[in-house]
Amino acid sequence: RMAEQVDELTHEAAGNLHAAASSIRKGGQQGSKDIEDLAESTAARLDGAGTFVEEHDLKHAVGGSRQLVRRYPVETLVLAAGVGFLTGFAMRRLTLACAATVARASN
């Protein structure tokens, strides 16, 4: 049951990644060439992530990760916290950079 829920969430996440890529492309087309290049690069990465998520069977990965988590629970929590921190840091930095570029382009 858990694997089915993960599979559903995976498809939803992939769809959201593709939607975000499309939205970024549309926004980039309304700005300058630099914004358009940045938007296209970001959109391409999001599309790639969405495609990766769609193509990989996460049911199998969930089973393997369960064994790892049971064997190394503390290490898993530390790794998850580190990945979450780095992802949040990167997303904030990207968001601020995009906002600054859009603000400069609108002035």
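**Pocket and packing in a four-helix predicted model**

Q: How does the lining of the largest pocket split by class into nonpolar, polar and charged residues?
A: Keep in mind that this is a predicted model. The residues lining its largest pocket include Ile-24, Leu-38, Met-91 and Cys-98, along with Ser-41, Thr-42 and Arg-45. Sorted by class, the lining comes to 6 nonpolar, 3 polar and 1 charged residues.

Q: Which element gives the most residues to that lining?
A: Two elements give two or more residues each to the lining of the largest pocket, namely helix H2 (33–55) and helix H4 (73–106). The top contributor puts in 5 residues, and that's H2.

Q: What volume does the largest pocket have?
A: Rolling a probe the size of a water molecule over the atoms is how you see where empty space is left. Here the largest pocket, with Leu-46, Leu-94 and Thr-95 among its lining residues, has a volume of about 280 Å³.

Q: What pattern does the chain follow along the sequence?
A: There are 0 strands to deal with, and the helices number 4. Read in sequence order, then, you get α-α-α-α.

Q: Is Ala-14 buried or exposed?
A: Ala-14 sits in helix H1, which covers residues 2–29. The cut-off for burial is under 20% relative accessible area. Ala-14 has 0% relative accessibility, so it counts as buried.

Q: Which residues is Ala-14 in contact with, leaving aside its neighbours within four places in sequence?
A: For a feel of the surroundings, take Thr-51: Ala-14 is 37 residues away from Thr-51 in sequence, yet the C-alpha to C-alpha distance is 6.8 Å. With the neighbours within four places set aside, the contacts of Ala-14 are Gly-50, Val-53 and Glu-54.

Q: What share of the chain's contacts with a separation of 6 or more comes from residues 24 or more positions apart?
A: The Ala-14 and Thr-51 pair, 37 residues apart, shows the sort of sequence gap in play. Among contacts with a separation of 6 or more, the share from residues 24 or more positions apart is 66%.

Q: How much of the accessible surface belongs to carbon and sulfur atoms?
A: Buried residues make up 12% of the 107 residues in the chain. The accessible surface totals about 8,200 Å², and the carbon and sulfur part of it is 61%.

Q: Where is confidence lowest in the chain?
A: The chain's mean pLDDT is 77, with 81% of residues at 70 or more. Where pLDDT is low, don't read the predicted coordinates in detail. Confidence peaks in H4 at a mean of 85, while the lowest mean, 73, belongs to H1.

Methods
Residues are numbered from 1 along each chain as its sequence is written. This is a predicted model: local features need pLDDT of at least 70, side-chain atom pairs count only at pLDDT 80 or more; totals for chains, interfaces and linings use all residues. Side-chain values use heavy atoms; hydrogens and water are left out. Buried means under 20% relative accessible area, exposed over 50%, partly exposed in between (1.4 Å probe, protein chains only). Contact means heavy atoms within 4.5 Å. Accessible areas come from the Shrake-Rupley method with a 1.4 Å probe; for residues, only the protein chains shown count as cover. On a 1 Å grid over the protein atoms alone, a cavity is a set of points where a 1.4 Å probe fits but cannot get out, and a pocket is an open set with protein on both sides within 12 Å along at least five of seven lines; lining residues have an atom within 4 Å of a point. Grid points are joined across faces, edges and corners, and a volume is the space filled by probe spheres set on the points. Ala, Val, Leu, Ile, Met, Phe, Trp, Tyr, Cys and Pro count as nonpolar, Asp, Glu, Lys and Arg as charged, and the others, Gly among them, as polar. pLDDT is the predictor's confidence in each residue, from 0 to 100.
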